[in-house]
Amino acid sequence: MAQKSATSSPLWGPALLSCWRGKCPRCHEGVLFSKRFRLRNDCESCGLVFRKDGGMTGQMYVSAAVTEVFAIAILVVIYLATDWSTAVSLTVGLSLVVVFSYWLLPRSMAFWVGVEYATDTANERHAQASFEQSEKSRKTDA
Ligand SMILES: [Zn+2]
């Protein structure tokens with residue numbers, strides 16, 4: 001049985017699962033997208049910032065790398081499984097790659113929001129501190 005490493009964060013599984021479902025990785029309630037390809041700036045429910053400065057660079061790398069692997073796989077399958085001409089192979093192959101990259105784009109955005117959330121321990125400390133602060137002020141108000 002695999003042992004969980006001491007450095008692995010307990011946030012990874014729930015965060016990535018929520019992002020796959022298009023939900024906030026922290027509260028699991030707020031939605032990530034206002035439209036299909038439009039990532040919201042922050043969570044409407046808990047205020048977690050989804051769009052950080054330069055944060056979408058990682059998403060672009062994920063999207064590009066996965067799309068390239070897909071394109072190579074499609075070309076190999078077409079080459080091995082069909083006797084199509086080069087023109088037909090490129091037309092079919094490129095069409096599939098374009099459709100795949102449109103399917104992948106929101107998923108890679110969501111995936112990257114989850115990765116940033118799970119790796120951003122400062123963000124969690126900040127959230128915990130402001131939660132404790134609001135609890136403290138709620139108790140002193142009462
Ligand atoms: Zn949230």
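**Figure 1. The largest nonpolar core of the chain, in a predicted model.** Let's start inside. The largest nonpolar core has 14 residues, and those touching the most other members are Cys19, Leu32, Leu48, Phe50, Ala110, Val113 and Tyr117. Helices α1 (12–20) and α3 (86–119) each supply at least two residues of this core. The biggest share comes from α3, which gives seven residues. As background, nonpolar side chains tend to be buried together in soluble globular proteins. Over the whole chain of 142 residues, 17% count as buried.

**Figure 2. A close look at Val113 and the residues it touches.** Which residues does Val113 touch, leaving aside those up to four places away in sequence? They are Cys19, Pro25, Leu32 and Phe50. Cys19, Leu32 and Phe50 may look familiar: they are among the core residues that touch the most other members, and so is Val113.

**Figure 3. Where α1 meets α3.** The axes of these two helices come within 8 Å and cross at roughly 155°. Because of this angle, which is over 145 degrees, α1 counts as roughly antiparallel to α3. The crossing of α1 past α3 is right-handed. On the α1 side of the contact, look for Trp12, Ala15, Leu16, Cys19 and Trp20. Facing them from α3 are Ala110, Phe111, Val113, Gly114, Tyr117 and Ala118. How many of the residues in the contact of α1 with α3 are nonpolar, polar and charged? The split is 10 nonpolar, one polar and no charged.

**Figure 4. Helix α2 beside helix α3.** Helix α2 covers residues 56–81. Its axis and that of α3 come within 8 Å, crossing at roughly 150°. That angle makes α2 roughly antiparallel to α3. Here, too, the crossing is right-handed. Sorted by class, the residues in the contact of α2 with α3 are 17 nonpolar, eight polar and no charged.

**Figure 5. Val92, a residue of helix α3.** Is Val92 buried or exposed? The answer lies in between: Val92 has 14 C-beta neighbours inside 10 Å, so it counts as partly exposed. To be buried, a residue would need 20 or more such neighbours. Now find Leu75, which is 17 residues from Val92 in sequence. In space, the two are 9.5 Å apart, C-alpha to C-alpha.

**Figure 6. His28, in the loop between α1 and β1.** Find the loop that joins α1 to β1 (33–35), and you will find His28 there. What is the phi angle of His28? Phi is near 65°, a positive value in a residue other than glycine. His28 has 15 other C-beta atoms within 10 Å, so this residue is partly exposed.

**Figure 7. Val49, in the loop between β2 and α2.** This view moves to the loop between β2 (38–39) and α2, where Val49 is found. Val49 counts as partly exposed because it has 16 C-beta neighbours inside 10 Å. Val49 and Cys24 are 25 residues apart in sequence, while their C-alpha atoms are 9.7 Å apart in space.

**Figure 8. Stepping back to the chain as a whole.** The secondary structure comes to four helices and two strands. Following the sequence, they appear in the pattern α-β-β-α-α-α. Among contacts with a separation of 6 or more, 50% are between residues 24 or more positions apart.

Technical notes
Residues numbered from 1 in each chain as written. Predicted model: local features only at pLDDT ≥ 70, side-chain atom pairs only at ≥ 80, totals over all residues. Buried ≥ 20, exposed ≤ 12 C-beta atoms within 10 Å, placed from the backbone. Contact = placed C-beta atoms within 7 Å. Core = buried A, V, L, I, M, F, W, Y, C linked by C-beta atoms within 7 Å. Axes fitted to C-alpha atoms, helices over the stretch in contact; angles between N-to-C directions. Parallel < 35°, antiparallel > 145°, perpendicular 65-115°, else oblique. Left-handed = near helix turned anticlockwise from the far one by under 90°. Nonpolar A, V, L, I, M, F, W, Y, C, P; charged D, E, K, R; others polar.
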